[in-house]
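Ready for two short exercises? Keep the structure open beside you and work through each step before reading on.

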Amino acid sequence: MKDNFSDKSELYAKFRPSLPIDLFDYLIEMVPARENAWDSATGNGQSAYLISNFFKQVYATDISEEQLKNAAQSSNIHYSKQSAEQTDFEDNFFDLIVVSQAIHWFDFDRFFNEAKRVLKPNGILAVAGYDLPRLSPEINAITDKLYKEILDGFWDDERQHIDSHYQNIPFPFEEIKIPDFHIHDEWQPEHLIGYLNTWSGLKHFIREKGFNPVDELEAEIREAWGGFKLQKVTFPVFTRIGRI
């Protein structure tokens with residue numbers, strides 16, 4: 001698994017969106033019990049923190065120490081530096097495993113074998129991701145230009161799985177279809193600019209080109225925004241849900 005996210009990890013905690021709480025409300029009704037949950041590749045712990053409201057114990061893992069240092073804290077969340085593909089958890093331990101915007105970085109076969117090992121019978125594996133943010137048509141045109149044109153050739157190959165909404169990854173589980181969910185929030189321009197600066201493709205561009213194209217797009221973003229007013233932002237969420 002690649003670690004593209006240790007650099008400037010504080011930006012992830014501040015600017016990356018959290019999956020919607022109504023998605024977790026839905027998932028909770030599907031699990032066999034509410035004892036133990038695993039948030040794999042937890043990053044800054046956003047999903048782990050939400051899950052901690054439902055489960056007695058939450059175990060959250062990541063390969064990035066910097067991300068874990070900035071992770072959201074709760075008395076029943078236990079963070080550890082471990083890869084998704086090999087952990088020290090007991091067999092048949094978890095009622096729910098969650099992977100948020102991360103499974104595209106995994107070794108699929110090894111992770112799925114690990115998930116099958118540590119999930120309880122009838123346990124749920126919930127894989128979720130989110131698409132590009134949608135605001136006004138003018139702002140969308142700028143973010144789409146950055147994503148599709150300026151950063152073309154700078155995204156890791158794994159990004160294709162986000163673009164295909166995880167439909168092209170193997171999924172050796174009894175799959176369960178669930179309703180569509182969306183992340184909803186209200187942002188000022190600084191939040192969008194901060195979010196764009198967390199993109200892994202942008203980091204690759206900066207390393208190769210020596211400048212940040214978001215700095216050059218900032219004036220366009222602010223003009224399209226029309227001041228410092230709050231704008232509604234929506235992220236479409238996509239999921240693959242499986243049961244052992």
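**Exercise 1: The lining of a pocket**

Strand 8 contributes 5 residues to the lining of the largest pocket, the most that any element gives. Keep in mind that this is a predicted model.

Task: Describe the largest pocket: what is its volume, and which residues line it?

Solution.
- Step 1, volume. The largest pocket takes up about 180 Å³.
- Step 2, residues. Its lining is made of 14 residues, and I178, P179, D180, F238 and T239 lie nearest the centre.
- Step 3, strands. At least two lining residues come from each of strand 6 (174-176), strand 7 (181-187) and strand 8 (231-243).
- Step 4, character. Sort the lining residues by type and you get 7 nonpolar, 3 polar and 4 charged.

**Exercise 2: Two helices side by side**

Task: Are helix 6 and helix 10 roughly parallel or roughly antiparallel?

Solution.
- Step 1, geometry. Find helix 6 (residues 137-150) and helix 10 (residues 213-225); they pack at an angle of about 160 degrees, and their axes are 8 Å apart.
- Step 2, direction. Angles over 145 degrees count as roughly antiparallel, so helix 6 is roughly antiparallel to helix 10.
- Step 3, handedness. The two helices, helix 6 and helix 10, make a right-handed crossing.
- Step 4, contacts. On the helix 6 side look for E138, I139, I142, L146 and I150; they meet P213, V214, L217, E220, I221, A224 and W225 of helix 10.
- Step 5, character. The residues of this contact between helix 6 and helix 10 are 10 nonpolar and 2 charged, with no polar ones.

Definitions and conventions
Residues numbered from 1 in each chain as written. Predicted model: local features only at pLDDT ≥ 70, side-chain atom pairs only at ≥ 80, totals over all residues. Heavy atoms only, no water. 1 Å grid on protein atoms, 1.4 Å probe; cavity = no way out; pocket = protein on both sides within 12 Å on 5 of 7 lines; lining within 4 Å. Points joined across faces, edges and corners; volume = space filled by probe spheres on them. Helix = DSSP H or I, 4+ residues; strand = E, 2+ residues; numbered from the N terminus. Nonpolar A, V, L, I, M, F, W, Y, C, P; charged D, E, K, R; others polar. Axes fitted to C-alpha atoms, helices over the stretch in contact; angles between N-to-C directions. Parallel < 35°, antiparallel > 145°, perpendicular 65-115°, else oblique. Left-handed = near helix turned anticlockwise from the far one by under 90°. Contact = heavy atoms within 4.5 Å.
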